[in-house]
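Work through the exercises below with the sequence and the three-dimensional structure open beside you. Try each task before reading its solution.

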Amino acid sequence: MMEYAIEIQNLTKKFGSFTAVNDISFGIPKGKIFGFLGPNGSGKSTTIRMICGVLSPTSGRGTVLGYDMYKDTERIKQNIGYMSQKFGLYEDLTVDENLDFYGSIYMIDAEELAARKMELIEMAGLAGKEKALAGTLSGGMKQKLALGCALIHRPKVLVLDEPTAGVDPVSRREFWKVITELSNSGITILVTTHYMDEASICDIIGFIYNGSLITMDTPEGLFNKHNTRNLEDIFIEYVSKLSSKEVELSFKDIRIKRSGV
Ligand SMILES: Nc1ncnc2c1ncn2[C@@H]1O[C@H](COP(=O)(O)OP(=O)(O)OP(=O)(O)O)[C@@H](O)[C@H]1O
Ligand SMILES: [Mg+2]
């Protein structure tokens, strides 16, 4: 049986009468990179917040590393690394102090923290910048420092919500090299992105639209099914099909109302 690091079943989140996440199910096998794609407002961050144990679902089930999304939220938070587009760095702290701060949140002891920091500074290519204020780093370096902070407690699951938004192509490529290495070392990664070149690096892609999971497949699977290697075209095809269906439905609704049925 496949071992999933993250597994959700029929997950739904409503805000009042509005359904932001609608009956979503998926499993992410251990060590894989899952690319979560979808237009603005489609429900990606809301799904992520439920997976991270910070937002309680309206219905459905889910586990992260076997921990229950309702009951074991503290365990989940301890075992997940999270990074978003809004870096969450302290700009007036140095590189070193930012890592110390995140280390202290997870109560990592001094010796372990020192070793961990050295590894992460190396990984992030920040050697020599330890005493630099985070606010003075380039966008690409801030992003890698933020990734370092998200990894300080050696999480087995890493959740990245648009980690490369607004970052230059060279830095994005460097960032994805690190992501791929992390995945090769057995860390499971859930990442959202609007960049299709990044999506095609993922092991599995899930496409969400209006709160519903429309398709989930490997990039190769999608390319074969749609007879093109252009992911952007594939998703636009899905969206245009779905929105024309929506238009059809609303017309039907009008016709029914007009005919007084
Ligand atoms: N706390 C909230 N209360 C009410 N509505 C919310 C709340 N949080 C999110 N939403 C709504 O839920 C929908 C999904 O939002 P979400 O942030 O999950 O989208 P997203 O796919 O992450 O979009 P983006 O690509 O822009 O980050 C949006 O319409 C949003 O306005
Ligand atoms: Mg979002």
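The exercises that follow concern a predicted model, and they go from the ligand to the sheets and then to the core.

**Exercise 1.** List the residues that surround ligand 1, sort them by character, and find which helix gives the most to this shell.

*Solution.* Begin with the residues themselves: ligand 1 is surrounded by Phe15, Ala20, Gly38, Asn40, Gly41, Ser42, Gly43, Lys44, Ser45 and Thr46. Next, sort them, counting glycine among the polar residues; the shell then divides into two nonpolar, seven polar and one charged residue. Finally, compare the shell with the helices, where helix H1, spanning residues 44-51, gives the most, with three residues.

**Exercise 2.** Determine the strand order of the six-stranded sheet, and explain why S6 and S10 each have one side without a neighbour in the sheet.

*Solution.* The six strands form an open sheet in the order S6-S7-S8-S3-S9-S10, and their pairing is mixed. Strand S6 (80-84) and strand S10 (212-217) stand at the edges and have a single partner strand each, so one side of each is left without a neighbour in the sheet. From one strand to the next, the twist averages 15 degrees. Within this sheet, strand S3 (residues 33-37) runs parallel to strand S8 (residues 188-192), the two being joined by four bridges, and phenylalanine 34 stands opposite leucine 190 in S8. Helix H5 (residues 139-150) packs on the sheet, where it touches S6 and strand S7 (157-161), and its direction makes about 155 degrees with that of S6.

**Exercise 3.** Describe the four-stranded sheet, its edges, and the way in which H1 lies across it.

*Solution.* This second open sheet has the order S2-S1-S4-S5, with antiparallel pairing. Its edge strands are S2 (18-29) and S5 (67-68), each of which pairs on one side only. Further in, strand S1 (residues 4-15) and strand S4 (residues 59-64) pair in the antiparallel sense over five bridges, with isoleucine 6 opposite valine 64 in S4. H1, the helix already met in the ligand shell, lies across S1, S2 and S4 and runs at about 120 degrees to S1.

**Exercise 4.** Identify the residues with the most contacts inside the largest nonpolar core, and trace the contacts of valine 159.

*Solution.* The largest nonpolar core has 60 residues, and those with the most contacts inside it are Val159 and Ile189. Leaving aside residues up to four places away in sequence, valine 159 touches Ile48, Ile51, Cys52, Ile80, Gly81, Tyr82 and Leu190.

Conventions. Residues numbered from 1 in each chain as written. Chains lettered and ligands numbered in written order. Predicted model: local features only at pLDDT ≥ 70, side-chain atom pairs only at ≥ 80, totals over all residues. Near = placed C-beta within 6 Å. Core = buried A, V, L, I, M, F, W, Y, C linked by C-beta atoms within 7 Å. Buried ≥ 20, exposed ≤ 12 C-beta atoms within 10 Å, placed from the backbone. Contact = placed C-beta atoms within 7 Å. Pairing = 2+ DSSP bridges. Axes fitted to C-alpha atoms, helices over the stretch in contact; angles between N-to-C directions.
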